[in-house]
Amino acid sequence: AQTSTTSDAKSDILLLSSGRVTKELRLDANFQYSQSNQIFNRVNFGTFWQPEPMKVLNVQYRRDIRSTDPAANFEIFDISGQWPLSARWYGVARLNYLIKEQDVGQSLVGAEYRADCWIFRFVGQRTPTAQGVVNTTVFLQLEFNGLSSLGSNPLTALRANVPGYQKLTQPD
C-alpha cells in the first residue's frame, strides 16, 4: 500500500509599493495575502514628509492578523516626527496607538537644545511588554560637538522610533 500526502498549503503573496511623490513626500504600502486563509494578514500604509533637514513628520497604519486568536492580532496607528520649536530647541516624538485596545502602545518624547559647541538631549521612552509591564527609560545627554558626550545616549532610540530623524550635528 502506498500513501501519498498532499498539502493545500500555499505561499503568501507579498506586494510592496514605495515611491517619492515629491522631493519631500514619500508614500509606502505593503500587503501580505494568505492564499491558504484567503485574507490580507498584514497591511501597512505610510506617509513620510521631510520638507527640510531636521523637519520630519511620519504617519503610518499597520494591521497584523497572526492567527485565529483575536488577542494575537493588532491594529496600530503610528505618528512620529522631529521639528524645530525655536532657533535652538527641537522636539522629537512618537506615539503608537493600539486601535482595538484604545490605548497608547510605545511612545517617545524628547527635546534637544543646540548651542554653538554643545547639544543637550532629554528623551523619555515608554515600551509596554508582552507581560503587561511598562518599561520607562529616560535619557539625558550632553554632547560636545566633535569631542565627546556625557550621559546615556538616546540616538539609537531616536533613529529606531522616528524614521528620518537627523542628528543636530549632521550637515544640512
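Two residues count as being in contact when they have heavy atoms within 4.5 Å of each other. With that in hand, we can start from the whole chain: among contacts between residues at least 6 apart in sequence, 32% join residues at least 24 apart. Please keep in mind throughout that this is a predicted model.

Let us look at the overall layout. The protein chain holds 1 helix and 10 strands, and read from the N terminus the order is β-β-β-β-β-β-β-β-β-β-α. Of its 172 residues, 28% count as buried. The accessible surface comes to about 11000 Å², and carbon and sulfur atoms account for 56% of that area.

A good place to begin the walk is the N-terminal run of strands. Strand 1 (residues 13-20) pairs with strand 2 (residues 25-34) in the antiparallel sense, over 8 bridges. The two form a hairpin, with 4 residues between them. You can follow the pairing in the model through R20, whose bridge partner in strand 2 is R26, and through G19, whose partner there is L27. Strand 2 also pairs with strand 3, again in the antiparallel sense, and here the count is 10 bridges. In this second pairing, A29 has F45 of strand 3 as its bridge partner. Strands 2 and 3 likewise form a hairpin with 4 residues between them, and Q38 in the turn has a positive phi of about 55 degrees.

That backbone angle deserves a short pause. Most residues other than glycine have a negative phi. M54 is not a glycine, yet it has a positive phi of about 65 degrees. Another such residue is Q102, where phi is near 50 degrees. Where do we find M54 and Q102? M54 sits in the loop between strand 3 (39-52) and strand 4, while Q102 belongs to the loop between strand 6 (89-98) and strand 7 (103-114). Their surroundings can be told apart by accessibility. M54 counts as buried because its relative accessibility is 3%, under the 20% cut-off. Q102 counts as exposed because its value of 63% is over 50%.

Moving along from M54, we come to strand 4 (residues 55-64), which contains D64. Is D64 buried or exposed? Its relative accessibility is 7%, so D64 counts as buried. The side chain of D64 makes a polar contact with the side chain of R42, at 3.1 Å. Leaving aside neighbours within four places in sequence, the residues in contact with D64 are N41, R42, N73 and F74.

Finally, let us turn to the surface. Which residues make the nonpolar surface patch of about 760 Å²? The patch is made by W118, F120, F122, V138, L140, F144, L147 and L150. The elements that give two or more residues to this patch are strand 8 (118-128) and strand 9 (134-144). One member to look at is F120, which lies in strand 8. With a relative accessibility of 31%, F120 counts as partly exposed, because that value falls between the 20% and 50% cut-offs. A patch residue must have over 30% relative accessible area, so the 31% of F120 meets that requirement.

Technical notes: Residues are numbered from 1 along each chain as its sequence is written. This is a predicted model: local features need pLDDT of at least 70, side-chain atom pairs count only at pLDDT 80 or more; totals for chains, interfaces and linings use all residues. Side-chain values use heavy atoms; hydrogens and water are left out. Patches are made of residues with over 30% relative accessible area and no salt bridge: like charges are joined within 9 Å, nonpolar side chains (Val, Leu, Ile, Met, Phe, Trp, Tyr) within 5 Å. Accessible areas come from the Shrake-Rupley method with a 1.4 Å probe; for residues, only the protein chains shown count as cover. A salt bridge is a side-chain nitrogen of Lys or Arg within 4 Å of a carboxyl oxygen of Asp or Glu. Buried means under 20% relative accessible area, exposed over 50%, partly exposed in between (1.4 Å probe, protein chains only). A polar contact is a pair of N or O atoms within 3.5 Å; within protein, one must be able to donate a hydrogen and the other to accept it, and residues adjacent in sequence count only if both atoms are side-chain atoms. Two strands pair if DSSP finds at least two bridges between them.
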